[in-house]
Amino acid sequence: MPTRPALTVLLASPRGFCAGVDRAIQIVERAIEKYGAPVYVRHEIVHNRHVVERLKALGAVFVEELDQAPDDRPVVFSAHGVPKSVPAAARARNMLYLDATCPLVSKVHVEAERHHQAGREIVLIGHAGHPEVVGTMGQLPEGAVVLIETVEDALAFTPKDPANVAFVTQTTLSVDDTAGIVEALRRRFPAIAAPHKEDICYATTNRQEAVKAIAGRADVLLVLGSANSSNSVRLAEVGRRAGARAYLIDDAAKLDFAWLEGARTAGVTAGASAPEVLVQGLLDRLAERFEVTVQEAEVARETVTFKLPRALAPS
């Protein structure tokens, strides 16, 4: 029997679930335990097919809009956040609702409100149509927030008063992409009000830094995550920018061994909404064809946790 070729796997750390995703999933699980099935969830709780399928099996029903959920069952709002009109509609229907919005997204909402109350024009750096962007823009009256997706948008933006502008950002963007847009805005509007801390969350930043640490040493980079997961897509982009051939895959079943032809080193990471079981599944699949040696590449240690809503906290 021919010997299997050697493959060194550089395993990025941190990877996978962040505190906000972990909290959101726990909220759905605890709600089902406490109130029984079905529990309705407005929008995918996090952008990962495996997570959504597992929660469906437990009794979660995913809907796109609140009017698809009945009045008499609990409803959970996804980790990405929702426009203010959604909880207002739930209250008007006397629904029991649980807000799984990531606390770091909520922080952006609060900042946007603060700028609006101070009379500033607000720029949101983000991707049109992403649920987090829809939720953030929906915190304020229509027209109060201008979405900027590119450096070109930043250069074309014309505020009423250039001395009275503020910016906030979607939390799951690429640090490098955002830096270019922020620089263009600062150049044009030196007095622009910035977030207290960078809005891109610690988990997005850490996962991107971990990819940068391994991408240059890997022949191929495999990113576990769903195609509609913004932070997972960004990880693959960061890898490519760092010189790696990067592939975004849902799970081990989507791996094409042709990508690894002649490869001696593969980088592996997972987006913030991808469970660790997918990483183990990919390592097992690689071990079917290769003599695998795993090297963990840690760039940061994460200790952040977020509290559950009071209604679900352990008694």
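What follows is a tour of the strands and helices in this structure, one selection at a time.

The model is predicted, so local features are given only where pLDDT is at least 70 and side-chain atom pairs only at pLDDT 80 or more, while totals for chains, interfaces and linings use all residues. Residues are numbered from 1 along each chain as its sequence is written, and side-chain values use heavy atoms, with hydrogens and water left out.

**First stop: the sheet 3-2-4-5**

Select strands 3, 2, 4 and 5, which in that order form an open sheet with parallel pairing; helices (H or I, at least four residues) and strands (E, at least two) are DSSP runs numbered from the N terminus, and two strands pair if DSSP finds at least two bridges between them. Strand 3 (60–63) and strand 5 (97–99) are the edge strands, each pairing on one side only. To look at one pairing, pick strand 4 (residues 75–77), which is joined to strand 5 by 3 bridges, and find V76, whose bridge partner in strand 5 is L98. Now add helix 1 (residues 19–35), which packs on the sheet and touches strand 2 (39–42), strand 3, strand 4 and strand 5, its direction making about 160 degrees with that of strand 5. Contact here means heavy atoms within 4.5 Å, and angles run from 0 to 180 degrees between N-to-C directions, with axes fitted to C-alpha atoms, for helices over the stretch in contact.

**Second stop: the sheet 7-6-8**

Next select strands 7, 6 and 8, an open sheet of 3 strands in that order with parallel pairing. Strand 7 (145–148) and strand 8 (165–169) stand at the edges with a single partner strand each, so one side of each has no neighbour in the sheet. Strand 6 (residues 121–125) pairs with strand 8 over 5 bridges, and I125 has T169 of strand 8 as its bridge partner. Helix 4 (residues 103–117) packs on this sheet, touching strand 6 and strand 8, whereas helix 7 (residues 175–188) lies across strand 6, strand 7 and strand 8, at about 155 degrees to strand 6.

**Last stop: strand 11**

Finally, select strand 11 (residues 265–270), where 6 of the 6 residues are buried (under 20% relative accessible area with a 1.4 Å probe, protein chains only), so the strand is largely enclosed by the rest of the structure. T265, G267 and T269 point one way, and A266, V268 and A270 the other. Strand 1 (residues 6–13) pairs with strand 11 in the parallel sense over 4 bridges, and strand 9 (residues 220–224) runs parallel to strand 11, joined by 5 bridges. End at A266, which is the bridge partner of V9 and also stands opposite V220.

Notes
Buried < 20%, exposed > 50% of the residue type's maximum accessible area, 1.4 Å probe, protein only.
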